[in-house]
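Colleague: Could you take me slowly through one part of this model, the strands of chain A that follow one another in the sheet, and then set that part beside the cores, the contact between the chains and the unusual backbone sites?

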Amino acid sequence: MNAAPDKNKLIAGATGPWEIVIGMEVHAQVLSQSKLFSGAATAFGAAPNAQVSFVDAAMPGMLPVINKFCVEQAVRTGLGLKAKINLESIFDRKNYFYPDLPAGYQISQYKNPIVGEGEVTIDLKDGESIRVGIERLHLEQDAGKSLHDQHPDHSFVDLNRAGVALMEIVTKPDMRSSEEAAAFVRKLRAIVRYLGTCDGNMEEGSMRADVNVSVRKPGGPLGTRCEIKNVNSMRFIVQAVEFEARRQVEILEAGGEIRQETRLFDSRAGETRSMRSKEEAHDYRYFPDPDLLPLVLDQAWVNDIAASLPELPDAKKARFMELGLSAYDASVLVAEKETADYFEAMLAAGSEAKSAANWLNNEYFGRLNKAGLSITDGPVSAEANSAILAMVADNSISGKIAKDLLDIIWSEGGDPKAVVEARGLRQVTDTGAIEAAVDAVIAANPAKVEEVKSKPKLAGWFVGQVMKQTGGKANPQAVNAVLKVRLGLPDDA
Amino acid sequence: MSDPTEFTLAEARDAVRGKKISSVELTQAFIAAMQAARPLNAFVTETPDRALAMAKASDARIAKGEAGKLEGLPLAIKDLFCTKGVRSTAGSNILGNFIPPYESTVTQNLWDAGAVMLGKTNMDEFAMGSSNETSYYKPVLNPWRAKDSNAALVPGGSSGGSSAAVASRICLAATGTDTGGSIRQPAAVTGTVGIKPTYGRCSRWGIVAFASSLDQAGPMTRTVRDAAILLGSMASVDPKDSTSVDLPVPDYEAGLESGVKGLRIGIPKEYRLDGAPPEIDALWQKGAEWLKAQGAEIVEISLPHTKYALPAYYIVAPAEASSNLARYDGVRFGHRAKGTHEIAELYEKSRAEGFGAEVRRRILIGTYVLSAGYYDAYYIRAQKVRSLIARDFEQAFAKCDAILTPATPGPAFPVGAKSDDPISMYLNDVFTVTVNLAGLPGLAVPAGLTANGLPLGLQVIGKAFDEATVLKVGRSIEVAANFTSRPETWWRAP
């Protein structure tokens with residue numbers, strides 16, 4: 001998809017530059033009240049085995065019944081990935097033994113997934129946009145959890161997760177750097193969060209990435225890939241890709257061969273380690289699950305879901321740019337749904353787009369970052385920020401007072417307008433009062449008045465004095481204008 | 001009052017409803033008969049206390065005028081059905097201590113209709129077998145014996161406990177399940193009636209799975225009318241089984257006597273087996289004549305892919321079984337081997353100790369045919385054969401309304417006669433597996449005796465969800481055959 005290799009993304013080896021080729025398999029937990037094939041709850045953090053139905057525990061004679069809402073969520077996600085929705089898909093059994101897999105098989109979709117090819121556009125820091133192809137999305141059950149650290153002689157099993165719906169989203173090998181890989185996951189996460197189909201919480205494991213990495217000489221044939229399992233943060237994705245690519249380059253340059261294998265990322269050591277080779281891979285004995293009929297969707301139902309899709313990051317970004325925002329500002333605002341929502345709440349409260357964006361980027365986000373707060377946890381509402389900007393726009397307060405006011409609202413709360421009134425922060429625009437203050441400063445400083453006639457730049461000193469006298473509330477433009485007249489300065493001074 | 005165990009299900013229903021006998025009296029008579037018939041080994045678990053409690057509750061409902069369709073009628077339940085609070089073994093050691101905390105949909109339907117549970121019947125382990133010899137709980141004996149012989153015969157399988165219990169009149173009727181013939185073959189060799197309904201007619205929820213795409217529950221009874229009555233209460237759509245079908249359950253009993261006049265009965269030429277006993281062919285011939293005499297038109301039909309059915313079945317069924325039985329791992333329920341130190345060892349030992357030889361054989365076959373590199377050659381081809389067999393029937397049903405075949409290639413055989421020869425054992429299902437592969441309804445009805453006095457049955461196959469026609473044809477055969485023979489009660493202490 002990306003024609004000529006970008007020199008900046010190549011890694012240098014002893015034998016020349018190498019290109020990294022990355023594909024991903026992302027497991028995203030479907031946001032739903034109950035599991036894919038049972039009515040058991042899915043909430044995170046419940047006591048072990050508190051959310052397990054007879055179906056989840058694979059009791060004899062129990063049968064799976066598809067959760068329609070999970071199907072709807074998968075379709076919604078597919079549509080959000082601009083992907084083909086397959087009106088007929090099939091659930092297969094993937095057979096293997098493990099204590100946290102109660103039935104001895106996972107119900108998944110093998111040959112006929114619910115969603116086919118699509119694409120995601122990722123925005124890189126330098127303003128470049130790259131399209132990453134989506135190969136497929138399928139629905140499958142999560143497994144339970146084996147706990148090996150609870151007892152010296154026994155392993156424990158928690159089946160709360162067993163049967164929870166996952167979407168496995170597989171990309172084409174379209175990424176060429178660790179930065180692109182991380183940007184892809186960030187963008188995918190934004191999309192599913194906008195859609196409300198996955199909460200994107202990587203710490204709780206709601207989103208996990210398996211990263212396929214290979215290296216090749218630029219433009220050469222694809223190399224043998226290694227799959228790095230369960231990389232669960234953007235930072236780890238970058239580290240894992242970087243480490244793995246260099247490991248492979250070293251092997252190849254030493255005359256070795258890459259073995260196709262599954263590797264684990266050790267986040268403490270920052271390295272990948274071999275888990276199992278292709279030869280040791282399970283034979284999963286996939287076959288269509290006879291307990292489930294083929295999943296047949298109605299095109300009209302899919303259309304209804306399509307019609308109900310929310311505005312997604314790319315569309316929102318384009319709309320924000322039409323409102324006068326730079327590409328950079330727009331992408332910052334749309335990266336997280338909550339940020340975009342906050343910005344839009346300011347627009348709804350009457351703020352002008354460009355000044356709201358500047359205000360958020362220059363003032364509010366900095367304060368949030370410093371305090372380690374997310375936009376939803378921040379203490380100042382969009383309406384309050386909008387009210388502050390409105391007072392700047394109508395000259396009720398100066399830009400400087402606006403920042404002070406934000407600090408006050410941040411720490412003490414309250415209605416910005418009321419605070420301005422109560423604390424007398426309103427900007428003085430009354431010419432009479434400003435003239436009086438100017439006259440007082442001129443009268444008190446005859447020497448400076450002489451000086452300014454030969455050095456017009458000294459006018460700034462007078463502005464400062466007037467502002468001081470008015471407690472910062474005087475409108476600076478009005479002060480300038482009065483000073484110019486009183487001191488007899490030229491207009492361009 | 002005459003012996004209440006002589007009642008058919010229909011007669012007992014009418015007697016209880018007409019207050020000629022209480023459910024408790026009826027139930028006590030069957031409990032006594034069940035306990036007297038222990039030499040048959042038809043039950044894995046007897047539940048007399050529960051039966052009496054249910055009977056009492058039935059009598060109370062009858063007194064209040066709230067009788068259900070099967071009110072107060074004692075039934076035997078194949079041990080493949082999970083019954084809440086009552087051990088459900090599936091004939092296996094691995095489920096020897098398994099007491100389900102839930103009730104299967106089919107049995108729940110029966111209790112909702114007022115039926116009484118006498119106990120759980122013995123069966124081939126996980127329903128894998130045609131003789132009841134693979135049960136961990138020892139073989140069931142057929143109440144029938146050949147003329148002038150005391151040799152123990154098998155009651156068929158896998159629903160052999162149910163067939164023996166019905167034939168020996170130690171229950172009014174029983175439930176069975178049929179994956180390749182497990183209702184029809186034991187019914188045929190015990191002189192009883194059994195119907196495997198259309199796939200999807202009865203819910204599979206709560207029935208221990210053998211081969212999910214083939215398994216169906218059905219009734220095993222003494223008469224066709226009883227089968228019609230029991231099926232009507234067992235069948236239902238079930239939101240818990242995605243493969244159950246949402247079609248109204250007709251009143252099967254109502255149309256039973258409407259006769260076969262004008263019906264076209266297909267005779268498939270491929271069901272004439274080389275080397276089959278001439279008695280089988282003769283009985284089949286006779287069956288066709290009976291129907292013709294009652295006004296049916298006999299038409300020759302062809303089911304050309306019949307010869308591939310048995311091999312295809314022995315790929316599809318073990319494949320599904322190998323996966324369905326993976327859950328018996330000793331981790332959450334059932335048998336767990338002692339003294340193991342790591343997980344693979346726990347699996348291997350628990351499963352080796354828990355499963356019998358036939359189950360292990362089928363798990364191995366199933367695992368093999370699903371393996372990478374073999375899947376296309378075996379599983380996919382078997383599925384193609386399955387489609388062809390279904391198409392054979394579709395085309396045949398363009399020319400006829402029901403199909404008549406022998407039910408089995410022969411009568412009950414001696415215990416041990418085929419245990420060492422799985423292929424010859426598998427051949428018992430040669431006439432029945434096609435019906436499972438096509439998902440159609442099939443009925444076995446007793447039609448005569450062999451020269452040495454053992455029962456033989458005929459099979460009626462119908463269109464999907466046309467159990468009504470199948471039962472009607474079965475009833476016509478029953479009338480013509482006038483099968484009144486019954487086994488000597490040798491199992492009772494003199």
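Modeller: What follows starts with the strands and moves outward from there.

The model is predicted, and the part you ask about begins with strand E12 (residues 226–231) of chain A, which pairs in the parallel sense with strand E13 (residues 261–266) of chain A over four bridges. Within this pairing, Glu227(A) has Thr262(A) of E13(A) as its bridge partner. Between the two strands the chain passes through helix H3 (residues 234–253) of chain A, and the β-α-β crossover made in this way is left-handed. E13(A) is also joined by six bridges to strand E14 (residues 271–277) of chain A, and here the strands run antiparallel. Asp266(A) finds its bridge partner in E14(A) at Glu271(A), while the hairpin of E13(A) and E14(A) has four residues between the strands and Gly270(A) takes a positive phi near 70 degrees there.

Turning to the cores, the largest nonpolar core has 231 residues, of which Val211(A), Leu75(B) and Cys171(B) touch the most other members. Helix H2 (residues 178–195) of chain A gives the most to this core, with eleven residues. Leaving aside neighbours within four places in sequence, Cys171(B) is in contact with Phe30(B), Pro74(B), Leu75(B), Ala76(B), Leu118(B), Ala165(B) and Val166(B). A second, separate core of 31 residues includes Phe320(A), Val334(A), Phe343(A) and Ile409(A).

As for the contact between the chains, 34 residues come from chain B and 24 residues from chain A. On the side of chain B that touches chain A, the elements that give two or more residues are helix H9 (309–324), helix H10 (343–354) and helix H11 (357–370) of chain B, and H9(B) gives the most, with three residues. By class, that side of chain B has 18 nonpolar, nine polar and seven charged residues.

The backbone sites remain. The peptide bond from Gly157(B) to Ser158(B) is cis, with omega near 10 degrees, and Ser158(B) lies in the loop between strand E3 (116–121) and helix H5 (160–167) of chain B. The loop between E3 and H5 of chain B is also the place of Asp148(B), a residue other than glycine whose phi is positive, near 60 degrees; Asp148(B) is exposed, with 7 other C-beta atoms within 10 Å. In chain A, Asn49(A) has a positive phi of about 60 degrees although it is not a glycine, and Asn49(A) is partly exposed because 15 other C-beta atoms lie within 10 Å.

Key
Residues numbered from 1 in each chain as written. Chains lettered and ligands numbered in written order. Predicted model: local features only at pLDDT ≥ 70, side-chain atom pairs only at ≥ 80, totals over all residues. Contact = placed C-beta atoms within 7 Å. Nonpolar A, V, L, I, M, F, W, Y, C, P; charged D, E, K, R; others polar. Pairing = 2+ DSSP bridges. Right-handed = clockwise from strand over helix to strand, strands pointing away. Core = buried A, V, L, I, M, F, W, Y, C linked by C-beta atoms within 7 Å. Buried ≥ 20, exposed ≤ 12 C-beta atoms within 10 Å, placed from the backbone.
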